[in-house]
Amino acid sequence: RIAYHSLDIRPSDVRPAMLIARLLSGQGQHHTADQLVPLMNQFMPADKSLRLRSAIYWVDRKQLDLAVNNWSVALQIQPSLGNKIYPIFNRIAEHETYKTLIRQQAAKQPAWWPAFYSYMTQHSQSTEMLVEIAHLTQQFKIPLPDASRQALVQRLLSDNAWRSAYLYWIDGLSQQ
């Protein structure tokens with residue numbers, strides 16, 4: 001009732017509708033709730049808290065692709081959210097079933113991507129995954145930003161992957 005009343009008072013603020021979506025979903029009315037969440041984001045596309053709540057909603061609904069998209073938008077709105085979202089994205093990138101979701105973000109190269117890639121070079125368990133993503137961006141003709149390339153080279157050196165580190169270092173020199 002409170003959420004409905006809030007919408008009556010301020011219909012332009014759709015954030016209370018998230019509570020309604022959660023209630024509907026909890027009552028098994030998933031189809032209605034699933035339609036309500038993107039509608040809220042259309043009305044308030046730059047509201048970071050709504051994007052974060054939407055991401056959690058989609059995680060609960062086991063729609064990780066939609067959660068990643070909402071987290072991505074939240075990061076574009078407020079890059080400082082990286083300290084909370086990057087660890088989640090890193091786990092997704094390392095998960096065999098879901099890693100394509102992060103590769104899709106690499107192909108889009110959102111504004112937060114270089115900072116996230118640098119984060120991955122420090123926290124990822126797999127240098128193979130880092131190289132795979134760097135190679136993917138090259139396939140899309142997207143140059144690896146200098147900071148990302150340097151972070152990758154440093155990680156490869158620390159993992160004693162000398163040949164790969166050299167190749168990425170040389171590639172960086174050739175792009176200057």
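What follows is a walk through this structure, from its overall fold to its core, its aromatic rings, its salt bridges and one surface patch.

The model is predicted. Start with the fold. The chain has eleven helices and zero strands. Read from the N terminus, the order of elements is therefore helix after helix, α-α-α-α-α-α-α-α-α-α-α. The chain holds 176 residues, and 43% of them count as buried. Take the contacts between residues at least 6 apart in sequence: 52% of these join residues at least 24 apart. On the outside, the chain exposes about 10200 Å². Carbon and sulfur atoms supply 55% of that area.

Now go inside. The largest nonpolar core has 47 residues. Six of its members touch the most other members: M40, W71, F89, W113, F116 and M120. Helix α5, residues 64-77, gives the most to this core, with six residues. F116 is a good place to look around. Leaving out residues up to four places away in sequence, F116 touches Y86, F89, N90 and I102.

Two of those neighbours lead on to the aromatic rings. One aromatic cluster is formed by W71, Y86, F89, W112, W113, F116, Y117 and Y119. Several names recur here: W71, F89, W113 and F116 also stand among the core residues that touch the most other members. Across the model, the count comes to eleven aromatic pairs. One of them joins Y86 and Y119. Their ring centres lie 5.7 Å apart, with 50 degrees between the planes, and the pair is tilted. Why does this pair tie together separate parts of the chain? Y86 lies in helix α6 (residues 82-94) and Y119 lies in helix α8 (residues 113-123), so the pair links parts that are 33 residues apart in sequence. Y86 counts as buried because its relative accessibility is 9%, and the cut-off for buried is under 20%.

Helix α8 also carries T121. Is T121 buried or exposed? At 4% relative accessibility, T121 counts as buried. Its contacts, again without residues up to four places away in sequence, are L130, A151, L152 and R155.

Next come the charged side chains. Side chains of opposite charge can pair when their charged atoms come close. A search of the whole structure finds five salt bridges. One of them joins D60 and R22, with the closest N and O atoms 2.7 Å apart. D60 sits in helix α4 (residues 48-60) and R22 in helix α2 (residues 16-26), so this pair ties together parts that are 38 residues apart in sequence. D60 counts as partly exposed, at 47% relative accessibility. R22 is partly exposed too, at 33%.

A second bridge joins E132 and R103, at 3.2 Å from N to O. E132 belongs to helix α9 (residues 127-139) and R103 to helix α7 (residues 99-108), so the pair ties together parts that are 29 residues apart in sequence. How do the two partners sit? E132 counts as partly exposed, at 37% relative accessibility. R103, in contrast, is buried, with a relative accessible area of 9%.

The side chains of E96 and K99 also meet in a salt bridge, again at 3.2 Å from N to O. E96 counts as exposed, at 59% relative accessibility. K99 counts as buried, at 18%. The figure for K99 falls under the 20% cut-off, so the label is buried.

Finish at the surface. Which residues form a nonpolar patch there? Y166, L167, W169 and I170 do, with about 400 Å² of accessible area together. W169 has its place in helix α11, residues 162-174. Y166 lies in helix α11 as well, three residues from W169, which is about one turn of the helix. Y166 counts as partly exposed, at 48% relative accessibility. W169 is also partly exposed, with a relative accessible area of 45%. Both values lie between the 20% and 50% limits, so neither residue counts as buried or as exposed.

Technical notes. Residues are numbered from 1 along each chain as its sequence is written. This is a predicted model: local features need pLDDT of at least 70, side-chain atom pairs count only at pLDDT 80 or more; totals for chains, interfaces and linings use all residues. Side-chain values use heavy atoms; hydrogens and water are left out. A nonpolar core is a set of buried Ala, Val, Leu, Ile, Met, Phe, Trp, Tyr and Cys residues joined through side-chain atoms within 4.5 Å. Buried means under 20% relative accessible area, exposed over 50%, partly exposed in between (1.4 Å probe, protein chains only). Helices (H or I, at least four residues) and strands (E, at least two) are DSSP runs, numbered from the N terminus. Contact means heavy atoms within 4.5 Å. Patches are made of residues with over 30% relative accessible area and no salt bridge: like charges are joined within 9 Å, nonpolar side chains (Val, Leu, Ile, Met, Phe, Trp, Tyr) within 5 Å. Accessible areas come from the Shrake-Rupley method with a 1.4 Å probe; for residues, only the protein chains shown count as cover. A salt bridge is a side-chain nitrogen of Lys or Arg within 4 Å of a carboxyl oxygen of Asp or Glu. Rings of Phe, Tyr and Trp (its six-membered ring) pair if their centres lie within 6.5 Å; planes under 30 degrees apart count as stacked, over 60 as edge-to-face and the rest as tilted.
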